[in-house]
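Visitor: Please pick one part of this molecule and look at it closely with me. I work with computed models, so tell me which cut-offs stand behind each term.

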Amino acid sequence: MSTHQRARRPRDLRLDFFRGLAMFIIFIAHVPHNPWKAWIPAAFGPSDATELFVFCSGMASAMAFGSLFRDRSFFLGTARTAYRVWQVYWAHVCLFAVMVTMIAIFDQMHGDDFYSTRLYTRPIFDDTARHLIGFMTLQYVPNYFDILPMYMVILMMMPVVMALSRISRWAVFAFIGGVWFLTQFDILQLGAEVREGNDREWFFNPFGWQIIFFLGFSFVMGWIKPPPRSWWLVLAAAVIVGLGVLTASRYGWGNFDWVIPFRRANRWLFWKTDLGIFRIVHFLAVCYLAWFVVGEGGKRLAMSGIPGRIVDVIRKVGQQSLAVFVSGMVLSQFMGAALDQTAERGPVALAWANLTGCAILIGIAYLVGWYKSEPWRREVVVPAKRVAEPRAEPRSEARGGEATSAEVRTLEPRTKGRAAV
């Protein structure tokens, strides 16, 4: 291995597995009017796959960028982070361009503005110039296209966090906690509209959601130690998850009269835009239970046979999360439009749309992984005798038939090969 090559940190089984699960859940959640959404985590509590995606992104960012800040230089870490922001920005732009084009086609087929209105993109058709400029400058952020802008802003906060880490990890915690606290009073927020009189903010406020990102980041950086494995903590986490079922699921809304009044009186606990405190606590409880179940280092995920192959497939999807996420956002709307063409969304049609979509995402993950491996850069091994034959005999003849020691070594494979034949 060259001295310029650095050993890569092995990927965490748990990180790729749970990020892959999040990709499938996000796809199912974004298929319009999809009854399968009744069985995703969001149906059983306040936190959902978004928290999982952001938390895992924080862990992955610590692995990819944190070591650069820590082991190389602050400049290189900042430059690498800026490059990632650049990549995400253009992924965001391409996603929007493809989606708007597809929606325009669907509207023409439908004969009205049904799809562009449903997906909150009608303003780009009605007032294109102003909204196009607003979109490119992140001042116009439609609700369906708000996760990647949130991710970009959080990434831009990373150099600040790493600078504070040189002072103390407590300085980091004070910063991320203070920023989150200010969002709960609408002190820190970003506008999502360019139209006058409309004060809509980003649906995912990055200044609130950064706390989940940097929690995952802190675990990998070693600023926060994993909790102990304790059955008492398991019980406490289970109680919190149970409270989530009662207060924020379809099993709680209609079965208990006190749920709706409680939610109305304590909306701040459940805010998704600014990430209310109960969403954070609920997510951490779910994380602890999942962490406990998969075992230390995710050893229970290292299975053999068919279960092991399924885990490997899910992990592959998690390894290509950006490409799969962007593809899934497009694919979910395509499948929704396809379901709209059916007489009724029966079980067979729904199974076809959801399972086919998941299969396509798996195929995209493997395809992107293949491209990233750059197979065209692999050296082609040329058989030794093809190299040796043209060079050996002319050089010997030129010296009166006397071969040098180097030429003898070159000729040895040919001699042995002929003797064997």
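**A chain of helix contacts**

Guide: Helices α9 and α14 lie roughly parallel to each other, a label for angles under 35 degrees, with over 145 called roughly antiparallel, 65 to 115 roughly perpendicular and the rest oblique. Their axes cross at roughly 25° and come within 11 Å; each axis is a line fitted to C-alpha atoms over the stretch in contact, and angles run from 0 to 180 degrees between N-to-C directions. You can find α9 at residues 206-221 and α14 at residues 277-294, helices being DSSP runs of H or I with at least four residues and strands runs of E with at least two, numbered from the N terminus.

A word on the source: this is a predicted model, in which local features need pLDDT of at least 70 and side-chain atom pairs count only at pLDDT 80 or more, while totals for chains, interfaces and linings use all residues. Residues are numbered from 1 along each chain as its sequence is written, and side-chain values use heavy atoms, with hydrogens and water left out.

Back to our pair. α9 passes α14 in a right-handed crossing, meaning that the near helix is turned clockwise from the far one by less than a right angle (anticlockwise would be left-handed). On the α9 side, W209, I211, I212 and L215 are in contact with R279, I280, F283 and L284 of α14, contact being heavy atoms within 4.5 Å. Sorted by type, these residues are seven nonpolar, no polar and one charged. Here Ala, Val, Leu, Ile, Met, Phe, Trp, Tyr, Cys and Pro count as nonpolar, Asp, Glu, Lys and Arg as charged, and the others, Gly among them, as polar.

α9 also has a partner in α7, which spans residues 147-165. The axes of α7 and α9 are 10 Å apart, at an angle of about 55°, and that angle makes α7 oblique to α9. Their crossing is right-handed. From α7 come M150, Y151, V153, I154, L155, M157, M158, V161 and M162, and they meet P206, F207, W209, Q210, F213, F214, F217 and M221 of α9. By type, the contact holds 16 nonpolar residues, one polar and no charged. W209 is worth selecting in your viewer: it belongs to the α9 residues that meet α14, and it is listed again in the contact with α7.

From α7 we can step on to α2, residues 49-72. The axes of α2 and α7 come within 11 Å and cross at roughly 40°, so this pair is oblique. The crossing of α2 and α7 is right-handed as well. F53, V54, S57, S61, F65, G66 and F69 of α2 meet I147, M150, Y151, L155, M158, P159 and M162 of α7, and the tally is 11 nonpolar, three polar and no charged. M150, Y151, L155, M158 and M162 of α7 are among the residues that face α2, and they are also among those that meet α9.

While you are on α2, look at A60, which sits in that helix. A60 counts as buried at 17% relative accessibility, since buried means under 20% relative accessible area, exposed over 50% and partly exposed in between, with a 1.4 Å probe and protein chains only. Leaving out residues up to four places away in sequence, A60 touches L15 and R19. Its C-alpha atom is 9.3 Å from that of D12, 48 residues away along the chain.

At the other end of our path, α14 connects to A237, a residue of helix α10 (residues 231-248). A237 is buried, at 5% relative accessibility, and it touches A285, Y288 and L289 when residues up to four places away are not counted. The C-alpha atoms of A237 and A285 are separated by 4.6 Å, with their positions 48 residues apart along the chain.

Finally, the loop between α13 (267-270) and α14 holds L275. L275 has a positive phi of about 65° although it is not a glycine, and it counts as buried because its relative accessibility is 0%. For the wider setting, the chain has 19 helices and zero strands, and buried residues make up 45% of its 421 residues.
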